[in-house]
Amino acid sequence: PPYVTIRDRWKTNAFALEGQDRCGELLFVADLLNGHLLTFNASSLEHGPLDVLKLSTNSALHVRLYSQLGASVLGEASNSSACAAHRRGEKLFALVTTGLANRRHATTINGGLLAIEIDPMGRLQEVAGIFDGGIPRGTEGVLVTGRMAVVGGFRDTCVALVDLSGLTEPT
């Protein structure tokens, strides 16, 4: 009968690892416990994270990659198109949903969506976020299609379309 085995792993008590996405050998993982985004070498987890970014929230749930060029080439964003665009020098972003997180120094926020820019060396920088204006409470899943993110929440009865085109506009 078919079977699966664990090939590699990294164990820690410092993070509660949740959603993930991958671009080539760079693996992105959200920390549900304290709001971090971690990167790993996808072929060698046992050595631990390559980078850890503390987010502006106290939790992170899911991660999806986005590149505007990758979105425009195929009409919809996919992991492979976003990675190919990044290799050609296009900006790459990790879109992170925050579940029931609060922002630092805030009393109540019921989730949101963060955009983390990934530079060509794999370094991470939080560049944008949305926490109100119709974003679903308990923000969880995120689907990227074209230049839009479809975001749902586990504590709400709505789904929202978030326009991502401003992420790659010149400042």
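Modeller: Buried means under 20% relative accessible area, exposed means over 50%, and partly exposed is what lies between, with a 1.4 Å probe and protein chains only. This is a predicted model, in which local features need pLDDT of at least 70 and side-chain atom pairs count only at pLDDT 80 or more, while totals for chains, interfaces and linings use all residues. Residues are numbered from 1 along each chain as its sequence is written, and side-chain values use heavy atoms, leaving out hydrogens and water.

Colleague: How many salt bridges are there in the count?

Modeller: Side chains of opposite charge can pair when their charged atoms come close. The rule asks for a side-chain nitrogen of Lys or Arg within 4 Å of a carboxyl oxygen of Asp or Glu. Arg123 and Asp119 form such a bridge, with their closest N and O atoms 2.7 Å apart. By this rule the count is 3.

Colleague: What does Arg22 count as at 37% relative accessibility?

Modeller: Arg22 shares a salt bridge with Glu25, at 2.9 Å from N to O. Glu25 is partly exposed because its relative accessibility is 41%. Arg22 has 37%, so Arg22 also counts as partly exposed.

Colleague: How many residues apart are Asp156 and Arg137?

Modeller: A salt bridge of 3.7 Å, N to O, joins the side chains of Asp156 and Arg137. This pair links distant parts of the chain: Asp156 lies in the loop between β10 (148-153) and β11 (159-163), Arg137 in the loop between β8 (124-130) and β9 (139-145), and their separation is 19 residues. Strands (E, at least two residues) and helices (H or I, at least four) are DSSP runs numbered from the N terminus. In sequence, then, the gap between Asp156 and Arg137 is 19 residues.

Colleague: In what order do the 3 strands of the open sheet stand?

Modeller: Two strands pair if DSSP finds at least two bridges between them. β9 and β10 are antiparallel over 5 bridges, and another 5 bridges join β10 to β11, also antiparallel. The open sheet of 3 strands therefore has the order β9-β10-β11.

Colleague: Which strands stand at the edges?

Modeller: The sheet is open, with antiparallel pairing. Two of its strands each have a single partner strand, so one side of each is left without a neighbour in the sheet: β9 and β11.

Colleague: By how many degrees are neighbouring strands of this sheet turned against each other on average?

Modeller: Axes are lines fitted to C-alpha atoms, for helices over the stretch in contact, and angles run from 0 to 180 degrees between N-to-C directions. For this sheet direction is ignored, and the average is 25 degrees.

Colleague: Which residue in the turn of the β9 and β10 hairpin has a positive phi?

Modeller: Thr145 stands opposite Met148 in β10, and Val144 stands opposite Ala149. The hairpin leaves 2 residues between the strands, and the one with a positive phi of about 60 degrees is Gly146.

Colleague: Why is β2 largely enclosed by the rest of the structure?

Modeller: Leu26, Phe28 and Ala30 are buried on one side of β2, and Leu27, Val29 and Asp31 on the other. β2 is joined antiparallel to β1 (residues 17-23) by 5 bridges and to β3 (residues 36-41) by 6 bridges. β2 is largely enclosed because the buried share of its residues is 6 of the 6.

Colleague: In β3, which residue is the bridge partner of Leu27?

Modeller: β2 and β3 form a hairpin with 4 residues between them, and Gly35 in that turn has a positive phi of about 80 degrees. Across this pairing, the partner of Leu27 is Phe40.

Colleague: How many residues has the largest nonpolar core?

Modeller: A nonpolar core is a set of buried Ala, Val, Leu, Ile, Met, Phe, Trp, Tyr and Cys residues joined through side-chain atoms within 4.5 Å. Among those with the most contacts inside the largest one are Phe28, Leu65 and Ile118. β2 (26-31), β5 (63-66), α2 (79-87), β6 (92-97) and β7 (113-118) each supply at least two of its residues. The size of this core is 20 residues.

Colleague: How many residues are in the second, separate core?

Modeller: Returning to the largest core, Ile118 is among its residues with the most contacts. The second core stands apart and includes Leu113, Ile135, Leu164 and Leu167; its size is 13 residues.

Colleague: How many aromatic pairs are there in the count?

Modeller: Rings of Phe, Tyr and Trp (its six-membered ring) pair if their centres lie within 6.5 Å; planes under 30 degrees apart are stacked, over 60 edge-to-face and the rest tilted. Trp10, Phe15 and Phe40 form one cluster. The count of aromatic pairs comes to 3.
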